[in-house]
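Trainee: I am new to this one and would like a close look at a single part of it. Could you walk me through slowly?

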Amino acid sequence: MRESGYMARMQTDAPLSMPIPGHIDPVPVPRAFVARPDGRIDLLGLGKPDLRLALETAQLEPKQAKLRAKQLWHWIYNRGVTDFSLMTDISKTMQPWLADRFVISRPEVIEAQVSTDGTRKWLLRTPDAQDYEMVFIPDADRGTLCVSSQVGCTLNCRFCHTGTMRLVRNLTEAEIVGQVMLARDALGEWPSQPEGRMLTNIVMMGMGEPLYNFDAVRDALKIVMDGDGLALSKRRITLSTSGVVPMMARAGAEIGVNLAVSLHAVTKEVRDEIVPLNRKYGIEELLQACADYPQANNARRITFEYVMLKDKNDSDADARELVRLIKHYKLPAKVNLIPFNPWPGAPYDTSTPERVRSFSNIVFEAGISAPVRTPRGRDIDAACGQLKTASEKKSRAELDRQAEEKLAALG
Ligand code: SAH
Ligand code: SF4
């Protein structure tokens, strides 16, 4: 039997962060249990069996624990309640008993920013002082929350700012599901309702590689998808991977959400350079795993993300090769062309709009949808690949200031 996440956390005494272990052979870090200083246990992020177990561990008799777990589940994930005294179907004597032993937390918000285009970005902090980010992108007909799975990322794709962060740690289920709950709080969207909500879609496209934090991502998304929980359909959730081939079948079987794959190049030479994980899992292997992905069909196509880097991967020949590969593997696919979002010190430039159009036309004329993703929230560094957290950003700002002072001193 799989050990429950709750027990695993109780027993884990692992380091909370680690240096980047290398370009192509990252080591996933065990998840961390951070005991609250007041001794209470945080129920945020616990799945159904773990909620029950937490209550039983607090000496509640098993039948009671089962009933209370069901009630708590509804209040926590469907109603968004964090205060036990508001749980009206739990007795007035039980409420303080719960409050003495448990809390229902939210990620700590360090900063909330709003872009001129309405995109919102939150800088969040874990109890062990690691910073991560989430982004909400409102559109006319939908609202998409871009959720992080790790602090930083071990994979170092050369065009991605997140990949340059020095410290990496997996986020826990609580920290992942907490992002969605926080967004619901901010948008005033409790209780979970099927119609008329602003937060309609979730993309696992924030900081980190979700398939290197598989268990926590899976367990968090299970809560997000639960009909009596956050109640978002698996059809409205997309998991983006840079191509962790051995985990893709499991993602299909155990999570079942839509798949997006960060392809970004069609030759070994270029993909090896820009997505170093390609040296371990090559393009053919990756596309075969896509063809085998159980949810891939014409109604739920796989999205291939393709960041447009000037003179690197944006030629007409690249576009034609992309079409050939998709057809060769008979993939129900659409291509998402992402204009490269620059960041200070990035080694690439954004392709020209004409290049992007020409590339898009070639793919489109082959019968494959190839929309160009409009960059959102660039002014607050919230666009794809720009996420990198404040501690480092502030030190960079500090460095810039120092450089300016030096220049000024030089006259
Ligand atoms: N690690 C996962 C998910 C997070 S990245 C993955 O790589 O798929 C989300 C998307 O943003 C990926 O397709 C990624 O390649 C893209 N991206 C990263 N840096 C970017 C940049 N500077 N400009 C545009 N897109 C970028
Ligand atoms: Fe990690 Fe994705 Fe960025 Fe690559 S693009 S470094 S996998 S977050």
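How many residues lie between β6 and β7 in the hairpin that they form?

Mentor: Happy to help! Please keep in mind that this is a predicted model. The answer to your question is four: β6 and β7 make a hairpin with four residues between them.

Let us stay with that pair for a moment. Strand β6 covers residues 131–138, and four bridges link it to β7, with the two strands running antiparallel. You can find one of these pairings by looking for Val135, whose bridge partner in β7 is Cys146.

Now look at β7 itself, which spans residues 143–146. Is it buried or exposed on its two faces? Both faces are covered: Gly143 and Leu145 are buried on one side, and Thr144 and Cys146 are buried on the other. For the chain as a whole, buried residues make up 56% of the 411 residues.

Next, move from β7 to β10. Three bridges join these two strands, and here the direction is parallel. Thr144, which we met on one face of β7, has Asn201 as its bridge partner in β10. Strand β10 (residues 201–204) in turn is joined by three bridges to β11 (residues 237–241), again running parallel. Along that pairing, Val203 stands opposite Thr238 in β11.

With those steps in hand, we can place the hairpin in its sheet. Nine strands form an open sheet, in the order β4-β5-β6-β7-β10-β11-β12-β13-β14, and the pairing is mixed. The edges belong to β4 (108–114) and β14 (333–339); each has a single partner strand, so one side of each is left without a neighbour in the sheet. From one strand to the next, the twist averages 20°. For context, the chain has 12 helices and 14 strands in total.

Two helices are worth a visit too. Start with α5 (residues 173–187), where you will find Glu175. Glu175 counts as buried because its relative accessibility is 9%, and the cut-off for buried is under 20%. Setting aside residues up to four places away in sequence, Glu175 touches Thr126, Pro127, Tyr132, Arg169 and Asn170. One of these, Tyr132, brings us back to the hairpin, as β6 runs through residues 131–138. The C-alpha atoms of Glu175 and Ala216 are 9.2 Å apart, although 41 residues separate the two along the chain.

The other helix is α6 (residues 214–225), which includes Phe214. Phe214 is buried as well, with a relative accessible area of 5%. Apart from neighbours within four places in sequence, Phe214 is in contact with Met247, Arg250, Ala251, Glu254 and Ile255. Asn170, which Glu175 touches, is 44 residues from Phe214 along the chain, and the C-alpha atoms of Phe214 and Asn170 are separated by 9.7 Å.

Such links between distant parts of the sequence also show in the chain's totals. Of the contacts between residues at least 6 apart in sequence, 69% join residues at least 24 apart.

Finally, have a look at ligand 2. The residues around it are Cys153, Leu155, Asn156, Cys157, Cys160, Gly163, Gly208 and Ser242. This shell divides into four nonpolar and four polar residues, with no charged ones.

Definitions and conventions: Residues are numbered from 1 along each chain as its sequence is written. Chains are lettered from A and ligands numbered from 1 in the order in which they are written. This is a predicted model: local features need pLDDT of at least 70, side-chain atom pairs count only at pLDDT 80 or more; totals for chains, interfaces and linings use all residues. Side-chain values use heavy atoms; hydrogens and water are left out. A residue is near a molecule or strand if one of its heavy atoms lies within 4 Å of it. Ala, Val, Leu, Ile, Met, Phe, Trp, Tyr, Cys and Pro count as nonpolar, Asp, Glu, Lys and Arg as charged, and the others, Gly among them, as polar. Two strands pair if DSSP finds at least two bridges between them. Axes are lines fitted to C-alpha atoms, for helices over the stretch in contact, and angles run from 0 to 180 degrees between N-to-C directions. Buried means under 20% relative accessible area, exposed over 50%, partly exposed in between (1.4 Å probe, protein chains only). Contact means heavy atoms within 4.5 Å.
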